[in-house]
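Biologist: Could you take me through one part of this model up close, in plain words? I'd like to follow how the strands of a sheet sit next to each other.

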Amino acid sequence: MKLTATEEGALDIEEIPAFLFALLQAVPIRAASSDPRVENRFFPAPAQDELLVEDWKSFVQPELQAAFLSAREVVQADLRSASELKEGFSMEIPPNHMDPWLGTLNQARLAIAEENHFGEQDLSEEISPDTSDPRSISLFQINFYGFLQECLVKMQD
Amino acid sequence: MPFVDIPEAKTLEKTGLAAPWNVVVHNDPVNLMSYVALVFRKVLGFSKDKAQTHMLEVHHKGRSVVWTGGREKAEFYVQQLHANLLLATLEPAPQDK
């Protein structure tokens, strides 16, 4: 897989192997998890004040839900524009899509961690992907998405 | 017409600054350190160094007070931090006696 920061500020990702492209296509899907644990992590209580928590659920949470959905839609559209070449898949993340990608990758990482009860120790394990082991795939997925996040953060530095 | 004795109305005035609130960011094992620092810069307008200092405080001490001030703005910052999926809360700032 080849990553290039273009002069226009986009991130070109080329020669993506089919396995990694499948993981990229899973980003918005994993991010849209409906697991109650994920829901709790995405929408944490802002304070101990019960009144504020209720107001937050009524007024702030719908706004956050809409923002998360909108970011996932941007990512989905970029993935749909990917092309399949002889060397692998190829796609571009334009400069104005960096934030939606950062956010959606983060949503996906948090969702996978919550669904699998991953803690600090699991996340610091050195792993090599074993396609027959769902835990190994999930850990690899979190690390792969983390690597892409690091690239996007560096581009914004 | 009977004479009614109307008591003199008095208004009690109390002035003072509203109590300040802290915006606190809590540690979580999934968010990348570089991502947390970037969010601090974007949402709170921190310099690179200040963002790094608070990010490390979150990482090592489990929490960091990233802003103190009026409640409305504190709520706004917590909302922005939640929009970036950071664990943030607001709590009354301890008052000096």
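Modeller: Sure, let's go strand by strand, and keep in mind that this is a predicted model. Start with E1(A) and strand E2 (residues 11-16) of chain A: the two pair in the antiparallel sense, and four bridges hold the pairing on record. For a concrete spot to look at, find Ala5(A), whose bridge partner in E2(A) is Leu11(A).

Now stay on Leu11(A) and look across to strand E4(A). There, the bridge partner of Leu11(A) is Ile93(A). So much for one spot; as for the strands themselves, E2(A) pairs with strand E4 (residues 88-93) of chain A, again in the antiparallel sense and over four bridges.

Next comes the pairing of E3(A) with E4(A), which is antiparallel too and runs over three bridges. Here you can look for Leu85(A), which has Gly88(A) as its bridge partner in E4(A). What joins E3(A) to E4(A)? It's a hairpin, and the chain gets from E3(A) to E4(A) through two residues.

Put those pairings together and you have the whole sheet: an open one of four strands, in the order E1-E2-E4-E3 (chain A), with antiparallel pairing. Which strands are at the edges? They are strand E1 (2-5) and strand E3 (83-85) of chain A, each of which pairs on one side only. If you follow the sheet from one strand to the next, the twist averages 20°.

While you have the model open, hop over to chain B for a look at two helices. Helix H1 (residues 33-44) of chain B packs with helix H3 (residues 71-83) of chain B at an angle of about 140°, and their axes are 10 Å apart. That angle makes H1(B) oblique to H3(B). The crossing of the pair, H1(B) and H3(B), is right-handed. Where they touch, Val39(B), Val43(B) and Leu44(B) from H1(B) meet Tyr77(B), Gln80(B) and Leu81(B) from H3(B). Sort the residues of that contact between H1(B) and H3(B) and you get five nonpolar, one polar and no charged.

One last stop in chain B is Gly69(B), which has its place in strand E2 (residues 63-69) of chain B. Is Gly69(B) buried, exposed or partly exposed? Gly69(B) counts as partly exposed, because it has 14 C-beta neighbours inside 10 Å. Setting aside neighbours within four places in sequence, Gly69(B) is in contact with Pro20(B), Trp21(B) and Ala74(B).

How values were computed
Residues numbered from 1 in each chain as written. Chains lettered and ligands numbered in written order. Predicted model: local features only at pLDDT ≥ 70, side-chain atom pairs only at ≥ 80, totals over all residues. Axes fitted to C-alpha atoms, helices over the stretch in contact; angles between N-to-C directions. Parallel < 35°, antiparallel > 145°, perpendicular 65-115°, else oblique. Left-handed = near helix turned anticlockwise from the far one by under 90°. Contact = placed C-beta atoms within 7 Å. Nonpolar A, V, L, I, M, F, W, Y, C, P; charged D, E, K, R; others polar. Pairing = 2+ DSSP bridges. Buried ≥ 20, exposed ≤ 12 C-beta atoms within 10 Å, placed from the backbone.
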